[in-house]
Amino acid sequence: MSGAERTPLTAEAMQEMLDASPFIAFLGLTVTEADAGTGRVAMTMPMRPELERGGPMQGQFHGGPVAALIDTAGDFAVAVAVGGGVPTMNFRVDYLRPSGGRALTATATARRIGRTVAVVDVDVTDAEGRLTAVGRGTYSTQVG
């Protein structure tokens with residue numbers, strides 16, 4: 001990846017990309033940190049009834065939205081450095097405890113961004129700062 005070929009994304013540009021996706025806009029994801037130099041991105045997802053496990057008023061996020069948060073944050077940890085959205089090759093999630101509260105925060109850190117593949121680790125914390133899930137994804141570095 002040559003710096004001359006790709007321009008890092010700003011947090012504002014990333015937010016515009018998130019808002020342009022109907023699914024991601026439905027999740028309500030908001031970029032709170034974006035650092036191309038460290039390959040680190042953070043974003044939040046607010047609780048809403050449609051994202052709850054077991055129906056409204058349970059107060060816990062369903063695992064599907066948590067996985068989508070992890071995948072999206074991982075993708076953008078690569079995108080911030082390579083200048084655009086990239087395809088997911090594979091990702092996994094380990095749920096450590098129920099994810100509840102008013103919002104979750106995913107902090108994604110690119111461990112390696114190579115010529116064709118990147119590896120990203122993602123931590124998900126609840127509003128009290130408790131680690132609720134972790135994920136690891138591999139992404140193509142070819143901007144899609």
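Leaving aside neighbours within four places in sequence, Ser140 is in contact with Val86, Pro87, Met89 and Thr116. The residue belongs to strand β6, and in this predicted model Ser140 counts as buried because its relative accessible area is 14%, where the cut-off for burial is under 20%. The strand that holds Ser140 pairs with β5, and β5 in turn pairs with β4, so the points below move from the chain as a whole to these three strands, and then back to Ser140.

**Overall fold and dimensions**

- The secondary structure of the chain consists of three helices and six strands, and their order along the sequence reads α-α-β-β-α-β-β-β-β.
- A compact globule with 144 residues would have a radius of gyration near 15 Å, and because the chain has 15 Å, its value agrees with that expectation.
- Along the principal axes, the C-alpha trace of the chain spans about 50 × 25 × 25 Å.

**Burial, contacts and surface**

- Of the 144 residues in the chain, 42% count as buried, and Ser140 is one of the residues that are buried.
- When contacts in the chain between residues at least 6 apart in sequence are considered, 60% of them join residues at least 24 apart.
- The accessible surface of the chain comes to about 7100 Å², and carbon and sulfur atoms account for 52% of that area.
- The chain carries 12 positive and 15 negative charges, and the mean positions of these two sets lie 7 Å apart.

**The pairing of β4 with β5**

- Strand β4, residues 103-113, and strand β5, residues 117-126, run antiparallel and are joined by nine bridges.
- Within this pairing, Thr107 stands opposite Asp123 in β5.
- The two strands β4 and β5 form a hairpin, with three residues between them.

**The pairing of β5 with β6**

- Strand β5 is also joined by nine bridges to strand β6, residues 131-140, and these two strands likewise run antiparallel.
- In this second pairing, Val122 stands opposite Gly135 in β6.
- The hairpin of β5 and β6 has four residues between the strands, and in this hairpin Gly129 takes a positive phi near 85°.

**Ser140 in its setting**

- Which residues does Ser140 contact, leaving aside its neighbours within four places in sequence? They are Val86, Pro87, Met89 and Thr116, while Ser140 itself lies in strand β6.

Note on methods:
Residues numbered from 1 in each chain as written. Predicted model: local features only at pLDDT ≥ 70, side-chain atom pairs only at ≥ 80, totals over all residues. Heavy atoms only, no water. Rg over C-alpha atoms; globule rule 2.2 N^0.38 Å. Buried < 20%, exposed > 50% of the residue type's maximum accessible area, 1.4 Å probe, protein only. Contact = heavy atoms within 4.5 Å. Areas by Shrake-Rupley, 256 points an atom, 1.4 Å probe, with all protein chains shown as cover. Lys, Arg positive; Asp, Glu negative; His and termini not counted. Charge placed at Lys NZ, Arg CZ, Asp CG, Glu CD. Pairing = 2+ DSSP bridges.
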